[in-house]
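Hi there,

Here is the structure I promised to pass along. Have a look at it first, and my notes follow underneath.

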Amino acid sequence: MSDAASRVRALQEAASSYYRRGDFAEAARVIGEALKLAPQSPELWANRGAAFAAAKQLTEALPCLDRALQLNPDFVIAIANRAHALFSLLRFSDAIPEFERLLCKNPDHPYALGNLAFCKLQCGDWRSLDDLRANIDLALNTDKSAVSPD
């Protein structure tokens, strides 16, 4: 393993430790240091976005998640985190295609169906709500996490 790769791994471990302790801003800062060594890592970009989101810095999270998805368009965790950030920012019309994309990649993703339905209602998009409701009802009968992560 190269010195740079070893340094990135050490920084990732330090960031994970900060994240677990709830020091999300420090986790984001440390991941930023790792990104200087590995700027093409979608995992690092997604982790930095997750740290910013956990720190309630959603506008800072979005560019990180966008970069992660530029590097790996199929990165389900980054898609989920981006959808959630947009939802939390009340950008429902922007969140709709992200939740749809997430459900294409992972139809059983916790809370995505419920959040997609909520976004569509907020945007006055009544098309396909009957289908969504049927999917939510089905999911609730098998696993309540389809609507809520709790």
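Ala80 is buried, with a relative accessible area of 7%, which is under the 20% cut-off used for that word. Please keep in mind that this is a predicted model. Ala80 lies in helix H5. Setting aside its neighbours within four places in sequence, Ala80 is in contact with Leu102, His109 and Tyr111. Pro110 is also worth finding on your screen: Ala80 and Pro110 are 30 residues apart in sequence, while their C-alpha atoms are 9.8 Å apart in space.

Helix H5 comes up again in the pockets. The largest pocket holds about 210 Å³ of space. Its lining is made up of Tyr19, Ala50, Ala53, Ala54, Lys56, Leu58, Asn81, His84, Ala85 and Ser88. Two elements give two or more residues to this lining, namely helix H3 (42–54) and helix H5 (76–88). Of these, H5 provides the largest share, with four residues. Sorted by class, the lining of the largest pocket has six nonpolar, three polar and one charged residues.

The second largest pocket has a volume of about 150 Å³. You will find it lined by Gln12, Ala15, Ser16, Tyr19, Ala27, Ile31, Leu44, Asn47, Ala50 and Ala51. Here, at least two lining residues come from each of helix H1 (3–20), helix H2 (24–37) and H3. By class, the lining of the second largest pocket has seven nonpolar residues, three polar ones and no charged ones. Tyr19 and Ala50 may catch your eye, since they appear in the lining of the largest pocket and also in that of the second largest.

Now for the cysteines, in case you were wondering about them. How many disulfides does the structure hold? The count is zero. Cys119, for one, is in no disulfide: the nearest cysteine sulfur belongs to Cys123 and is 6.6 Å away. A disulfide here needs two cysteine sulfur atoms within 2.5 Å, so the sulfurs of Cys119 and Cys123, at 6.6 Å, do not qualify. As a reminder, a disulfide is a covalent bond between the sulfur atoms of two cysteines.

Is Cys119 buried or exposed? Cys119 is buried, with a relative accessible area of 0%. Cys64 is buried too, and its relative accessible area is 5%. Both values fall under the 20% limit, so both residues count as buried.

Happy browsing, and do write back with any questions.

Best wishes

Terms used. Residues numbered from 1 in each chain as written. Predicted model: local features only at pLDDT ≥ 70, side-chain atom pairs only at ≥ 80, totals over all residues. Heavy atoms only, no water. 1 Å grid on protein atoms, 1.4 Å probe; cavity = no way out; pocket = protein on both sides within 12 Å on 5 of 7 lines; lining within 4 Å. Points joined across faces, edges and corners; volume = space filled by probe spheres on them. Nonpolar A, V, L, I, M, F, W, Y, C, P; charged D, E, K, R; others polar. Buried < 20%, exposed > 50% of the residue type's maximum accessible area, 1.4 Å probe, protein only. Contact = heavy atoms within 4.5 Å.
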